[in-house]
Amino acid sequence: MSRKVLVVDDEKLIVKGIRFSLEQDGMEVDCAYDGEEAIEMAKKTEYDIVLLDVMLPKVDGLTVCNRVKQVYNVPILMISARDEEVDKIVGLELGADDYITKPFSVRELMARVKANLRKNDDENNAKEKKKDTKIVVGDLELDLEKVEVKVKGEVKPLTPKEFELVKFLAMQPGVPVTREVLLEKVWNYEYYGDIRTVDVTVCRIREKLGDSTKNSKIIINKRGIGYYLASK
């Protein structure tokens, strides 16, 4: 999938050159020539990166940067004709990710664009990975990385095997699982008749989670079948 780039500069010749270089690299490019237009375009389209000049008509680049960052977190590469440290500091404080000063070479610009895209990809992948390490079902939260279970935010100490049983049920909330399947998937052995192992373990888990055996709200017993995790 090609990257979507928004180039914002009131100097049309510069925009034309930047656009050509980005499109040569297989990117889709939209152009805006003032701050007002840039804000409206950023609201309508989710760009992968924004190249934003500081000095713009109608709305200045620093304000545009701040406004766009309020809409969604997109990498913003500020472009300025002035190499003033204060401009860089203000831009970065308002959410800019990088800063390049005119005149610049196409090679440097493309290197900055690609570096910021990679950084953003890495950050998004890290967020997704972190999401994948947690399962939330009702009041129950499992942290797969820490091997930790919380009920209403309070950590409940479970053994590794107890955690595996809760995790297996949490991966399919509301779906009853037989004791035989739990023995096979959690204890890694086929059913040999002693299904009481599952019942005893569930009883211990309920006690640790503060879940009443008689009126269970978390691990529910489906009569004649097995157990399931309440989905609400």
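Which residues are exposed on the other side of H1? The first view takes that up; like the rest of the set, it shows a predicted model.

**View 1. Helix H1, one side at a time.** H1 spans residues 12–24, so to speak a run of 13 residues. From first C-alpha to last it reaches 18 Å, close to the 18 Å expected at 1.5 Å a residue. Val-15, Ile-18, Ser-21 and Leu-22 are its buried residues. They sit on the same side of H1, because the arc they cover around the axis is only 135 degrees. Residues three or four places apart point the same way in an α-helix, since there are 3.6 residues a turn. Now flip to the other side of H1: Lys-12, Leu-13, Lys-16, Phe-20 and Gln-24 are the exposed ones there. Following the helix comes Gly-26, with a positive phi near 85 degrees.

**View 2. Helices H2 and H3 running alongside.** Here we have H2 (residues 35–44) and H3 (residues 61–71), whose axes come within 10 Å and cross at roughly 10 degrees. With that crossing angle, H2 counts as roughly parallel to H3. On the H2 side, the contact is made by Gly-35, Ala-38, Ile-39, Ala-42 and Lys-43. H3 brings Val-64, Arg-67, Val-68 and Val-71 to the contact.

**View 3. Gly-61 and its surroundings.** Staying with H3, we zoom in on Gly-61, which lies in that helix. Is Gly-61 buried or exposed? At 0% relative accessibility, Gly-61 counts as buried, the cut-off being under 20%. Skipping residues up to four places away in sequence, Gly-61 touches Leu-52, Asp-53, Val-54, Leu-56 and Met-78. For a sense of scale, take Glu-180: it is 119 residues from Gly-61 along the chain, and their C-alpha atoms are separated by 64 Å.

**View 4. Lys-58, a lysine with a positive phi.** Lys-58 is in the loop between strand E3 (49–53) and H3. Its phi is positive, about 70 degrees, although Lys-58 is not a glycine. As a rule, most residues other than glycine have a negative phi. Lys-58 also counts as exposed, with a relative accessibility of 66%.

**View 5. A cis peptide bond and a buried asparagine.** Look at the loop between strand E5 (98–101) and H5 for Pro-103. The peptide bond leading into Pro-103 from Lys-102 is cis, with omega near -10 degrees. In general, most peptide bonds are trans. Over in helix H5 (residues 106–132) we find Asn-116. Asn-116 has 7% relative accessibility and so counts as buried. Which residues is Asn-116 in contact with, leaving aside its neighbours within four places in sequence? They are Ile-49, Pro-75, Asp-97 and Asp-98.

**View 6. The four-stranded sheet with H6 packed on it.** Four strands line up as E6-E7-E8-E9 in an open sheet with antiparallel pairing. Strand E6 (134–137) and strand E9 (154–156) are the edges, each pairing on one side only. From one strand to the next, the twist averages 25 degrees. Helix H6 (residues 160–170) packs on this sheet and touches E6, strand E7 (140–143) and E8. The direction of H6 makes about 115 degrees with that of E7.

**View 7. Where E8 meets E9.** Strand E8 (residues 148–151) pairs with E9 in the antiparallel sense over three bridges. What is the bridge partner of Lys-150 in E9? That would be Val-155. Lys-152 sits in the loop between E8 and E9. Although it is not a glycine, Lys-152 has a positive phi of about 55 degrees. Lys-152 is exposed too, at a relative accessible area of 68%.

**View 8. Helices H7 and H8 at an angle.** H7 (residues 179–186) and H8 (residues 196–209) pack at about 80 degrees, their axes 9 Å apart. The two helices are therefore roughly perpendicular to each other. At the meeting point, H7 offers Arg-179, Leu-182 and Leu-183, while H8 offers Thr-197, Val-198 and Asp-199.

**View 9. The E11–E12 hairpin.** Strand E11 (residues 219–222) and strand E12 (residues 226–229) run antiparallel, joined by four bridges. Opposite Ile-220 stands Tyr-228 in E12. The two strands form a hairpin with three residues between them. In the turn, Gly-224 has a positive phi of about 80 degrees.

Terms used. Residues numbered from 1 in each chain as written. Predicted model: local features only at pLDDT ≥ 70, side-chain atom pairs only at ≥ 80, totals over all residues. Heavy atoms only, no water. Pairing = 2+ DSSP bridges. Axes fitted to C-alpha atoms, helices over the stretch in contact; angles between N-to-C directions. Contact = heavy atoms within 4.5 Å. Expected span 1.5 Å × (residues − 1). Buried < 20%, exposed > 50% of the residue type's maximum accessible area, 1.4 Å probe, protein only. Arc of directions from axis to C-beta. Parallel < 35°, antiparallel > 145°, perpendicular 65-115°, else oblique.
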